[in-house]
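Subject: Structure for you to look at, with notes

Dear colleague,

I am passing on a structure that you may want to open beside these notes. Please have a look at the sequence and the model first, and then read on.

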Amino acid sequence: MLLHIPCLFGKDEVQRIREALEQADWADGKITAGYQSAKAKHNLQLPEGHPLAKEIGAAMLERLWKNPLFMSAALPHKVFPPLVNCYTAGGSFDFHIDNAVRQPKGSIERVRTDLSATLFFSEPEDYDGGELEIQDTFGTQRVKLPAGDMVLYPGTSLHKVNAVTRGTRLASFFWTQSLVREDSQRALLFEMDGAIQQLTRDVPDHPSLIRLTGTYHNLLRRWVEV
Ligand code: NI
């Protein structure tokens, strides 16, 4: 399942983030790439633990934890702290699948990468190329979102970032370990949760709502890993 989560940050906020990132000291993106993907990856990245990356990451996670769409779709257990990257001057990242397990620097806890997410900081009209291409069961999806918006997609998918041929593409990305490992099970729970929310608005007193909500939780209990 591929999900667009709009407006996590407002236009003023992304403007401030871009200004701060323009002053930052960037490193080669290969620092967090595995052996194979290092050959495919041509971009810049803030080093893990960089104060600005930490600040932006903390603000993102605070928003996400309050975002009903993210909570319902990702059913997050834990996340790998967001990293910030920059594609410019022909920079690209060829097709790859992200590593299955990530260990944040200085942490003993490991994160299984069930879901990947990209939050765009640059406006689409400010750069050419730079689309995130994701291969899923419905074919290839090309994603290039307004600044402040995020895309969430299964960590199992093959994906790439097309070369940026004009301007600069600033974005943040991170991984989530979900309470529910399988994408198909998460997608089913997300659909069901959405329908229950809608019914709660439209027919709040219908007695079947209690049974339906109970069934959602009983399915979740079956599949949850904590
Ligand atoms: Ni990737």
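The notes below go from the annotated residues to the pocket and then to the strands around them.

Please keep in mind throughout that this is a predicted model, and that the annotations I quote come from UniProt, where they may be inferred rather than shown by experiment.

To begin with the record, UniProt, in an unreviewed entry, lists residues 78-178 as "domain: Fe2OG dioxygenase". In the model this span is 62% strand and 0% helix, and its end C-alpha atoms lie 7 Å apart.

The unreviewed entry also carries the feature "binding site", which UniProt places at H96, D98 and H159. Although these residues span 64 residues in sequence, no two of their C-alpha atoms are more than 8.7 Å apart, so they gather at one spot. H96, D98 and H159 are also included in the lining of the largest pocket.

Taking these residues in turn, D98 lies in the loop between strand 6 and strand 7 (101-102). With a relative accessible area of 13%, D98 falls under the 20% cut-off and therefore counts as buried. Leaving aside residues up to four places away in sequence, D98 touches S116, G155, H159 and W175, and its side chain makes a polar contact of 3.1 Å with the side chain of H159.

H159, for its part, lies in strand 14 and is likewise buried, at 4% relative accessibility. Its contacts, again without residues up to four places away in sequence, are D94, F95, H96, I97, D98, L132, E133, I134 and Y153. The side chain of H159 also makes a polar contact with the side chain of H96, at 3.0 Å, in addition to the polar contact with D98 already mentioned.

The pocket itself comes next. The largest pocket holds about 310 Å³ of space, and of the 28 residues that line it, those closest to its centre are F93, H96, D98, H159 and F173. At least two lining residues come from each of strand 5 (76-88), strand 6, strand 9 (115-120), strand 14 and strand 15 (164-178), and among the contributors strand 15 gives the most, with six residues.

Finally, there is the sheet to which strand 14 belongs. Five strands form an open sheet with antiparallel pairing, in the order 3-6-14-11-12, and its edge strands, each pairing on one side only, are strand 3 (41-42) and strand 12 (139-143). On one side, strand 14 (residues 158-161) is joined by two bridges to strand 6 (residues 92-96), and these strands run antiparallel; here H96 has H159 as its bridge partner, so that two of the residues under the "binding site" feature are also partners in the sheet. Strand 14 also pairs with strand 11 (residues 132-136), in the antiparallel sense and over four bridges. Within that pairing, L132 stands opposite V161, and E133 has K160 as its bridge partner.

If you look at one residue before the others, I would suggest H159, as it brings several of these notes together: UniProt includes it in the "binding site" feature, it is buried, and its side chain makes polar contacts with the side chains of H96 and D98.

With best wishes

Methods. Residues are numbered from 1 along each chain as its sequence is written. This is a predicted model: local features need pLDDT of at least 70, side-chain atom pairs count only at pLDDT 80 or more; totals for chains, interfaces and linings use all residues. Side-chain values use heavy atoms; hydrogens and water are left out. Two strands pair if DSSP finds at least two bridges between them. On a 1 Å grid over the protein atoms alone, a cavity is a set of points where a 1.4 Å probe fits but cannot get out, and a pocket is an open set with protein on both sides within 12 Å along at least five of seven lines; lining residues have an atom within 4 Å of a point. Buried means under 20% relative accessible area, exposed over 50%, partly exposed in between (1.4 Å probe, protein chains only). Contact means heavy atoms within 4.5 Å. A polar contact is a pair of N or O atoms within 3.5 Å; within protein, one must be able to donate a hydrogen and the other to accept it, and residues adjacent in sequence count only if both atoms are side-chain atoms. Grid points are joined across faces, edges and corners, and a volume is the space filled by probe spheres set on the points.
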